[in-house]
Amino acid sequence: MNNRQQRGESERAQTRRSELIATGRKLFADTSYDALSMDDIAEHAGVAKGLIYYYFKNKRGYYLAIIEDSVMDLVSLASGGGDLPNTQRVQRTVEAYLRFAEFNEAAYRTIITGGVGFDTQVQAIRDAVRTGLVSTVAEAAYGRRDIPPIARLALLGWLSSVEWLTLEWLEHREELTREIPRDLLVRMLRHTLNTIEEFAPDCPAPPADPDFRPYTGL
């Protein structure tokens with residue numbers, strides 16, 4: 001097989017793998033890991049079970065690939081809006097985060113709670129998400145990702161609140177529209193940024209968005 005044929009085979013394999021991940025993301029969007037067997041997955045994907053084993057070795061490998069793919073989407077969505085003013089970028093980041101959690105609930109719960117028991121690979125994925133999101137917020141707030149340890153620590157504290165508040169909101173989203181947790185988290189971040197400025201004057205909080213109108217529907 002020449003190089004051109006090898007590239008063609010590699011591209012087809014990558015396409016097939018991506019198709020299986022896309023199918024898995026739909027299946028696991030609102031379904032827990034234990035609720036689907038490999039037979040169920042193969043049937044929904046319209047492939048032989050052996051093909052999934054070929055690309056992912058086992059069910060867990062398949063699920064981790066789906067989680068990693070979902071995480072890439074989350075960080076990409078949250079880091080968008082680079083052409084917006086800093087304060088609007090922050091609000092867009094929170095909005096994108098909540099949307100991801102809402103439409104990928106099972107995957108989100110796995111990422112935040114660490115999967116079944118203590119799964120070091122899922123924990124590593126979650127740590128990568130946290131690092132990416134803290135960097136995204138730092139860039140939105142300060143125009144840079146290189147921030148002092150005290151600022152990073154404070155943003156990680158805020159992000160922990162984001163994670164668990166989002167989980168709680170998912171349980172009650174029929175009563176609470178997405179605008180409520182979004183505006184609550186944006187205000188909490190405003191207080192965090194003001195506190196960071198007190199401890200690290202080289203990280204001044206960006207000016208408040210004069211157009212920001214918090215939700216008042218309650």
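Start with the contacts across the whole chain: of those between residues at least 6 apart in sequence, 67% join residues at least 24 apart. Keep in mind as you click around that this is a predicted model.

Now colour by secondary structure. You'll find nine helices and zero strands, so the element order from the N terminus simply reads α-α-α-α-α-α-α-α-α. Switch to a surface view next. The accessible surface comes to about 12,000 Å², with 52% of that belonging to carbon and sulfur atoms. Of the 218 residues, 44% count as buried.

**Stop 1: helix 1**

Select Arg16 and Glu19. Their side chains meet in a salt bridge, 3.1 Å from N to O. Both sit in helix 1 (residues 3–28), and because they are three residues apart there, about one helical turn separates them. Glu19 is partly exposed at 39% relative accessibility, and Arg16 is partly exposed too, at 29%.

**Stop 2: residues 37–56**

Select 37–56 next. The unreviewed UniProt entry annotates this stretch as "DNA-binding region". In the model the stretch is 80% helix and 0% strand, and its end C-alpha atoms lie 15 Å apart.

Show the side chains of Lys49 and Asp39 here: they form a salt bridge of 3.0 Å, N to O. Lys49 belongs to helix 3 (residues 49–56) and Asp39 to helix 2 (residues 38–45), so the bridge ties together parts that are 10 residues apart in sequence. Are these two buried or exposed? Lys49 is partly exposed, at 32%, and Asp39 is partly exposed, at 47%.

**Stop 3: the aromatic cluster**

Add Tyr54, Tyr55, Phe56 and Tyr62 to the view, which form one aromatic cluster. The structure holds four aromatic pairs. Take Tyr54 and Tyr55: the ring centres are 5.0 Å apart and the planes make an angle of 80 degrees, so this pair is edge-to-face. Now swing over to Tyr55 and Phe56. Their ring centres are 6.3 Å apart with planes at 55 degrees, so this pair counts as tilted. Check the surface around the cluster as well: Tyr54 is exposed at 63% relative accessibility, whereas Phe56 is buried at 5%.

**Stop 4: a salt-bridge network**

How many salt bridges are there in total? The count comes to 13. For this stop, select Arg178 and Glu102, whose side chains meet at 2.9 Å, N to O. This pair links distant parts of the chain, 76 residues apart: Arg178 is in the loop between helix 8 (149–171) and helix 9 (179–199), while Glu102 is in helix 5 (residues 86–103). Both Arg178 and Glu102 are buried.

Then extend the selection to Glu95, Arg99, Arg182 and Asp183. Together with Glu102 and Arg178, these residues are linked in a network of salt bridges. As a reminder of the chemistry, side chains of opposite charge can pair when their charged atoms come close.

**Stop 5: a nonpolar patch**

Finish with the surface on again and Ile150, Leu153 and Phe199 selected. These residues make a nonpolar surface patch of about 330 Å². Zoom in on Leu153, which is found in helix 8. Leu153 counts as exposed because its relative accessible area is 57%, over the 50% cut-off.

Definitions and conventions
Residues are numbered from 1 along each chain as its sequence is written. This is a predicted model: local features need pLDDT of at least 70, side-chain atom pairs count only at pLDDT 80 or more; totals for chains, interfaces and linings use all residues. Side-chain values use heavy atoms; hydrogens and water are left out. UniProt positions are given in the numbering used here, feature names are shortened, and annotations may be inferred rather than shown by experiment. Helices (H or I, at least four residues) and strands (E, at least two) are DSSP runs, numbered from the N terminus. Buried means under 20% relative accessible area, exposed over 50%, partly exposed in between (1.4 Å probe, protein chains only). Contact means heavy atoms within 4.5 Å. Accessible areas come from the Shrake-Rupley method with a 1.4 Å probe; for residues, only the protein chains shown count as cover. A salt bridge is a side-chain nitrogen of Lys or Arg within 4 Å of a carboxyl oxygen of Asp or Glu. Patches are made of residues with over 30% relative accessible area and no salt bridge: like charges are joined within 9 Å, nonpolar side chains (Val, Leu, Ile, Met, Phe, Trp, Tyr) within 5 Å. Rings of Phe, Tyr and Trp (its six-membered ring) pair if their centres lie within 6.5 Å; planes under 30 degrees apart count as stacked, over 60 as edge-to-face and the rest as tilted.
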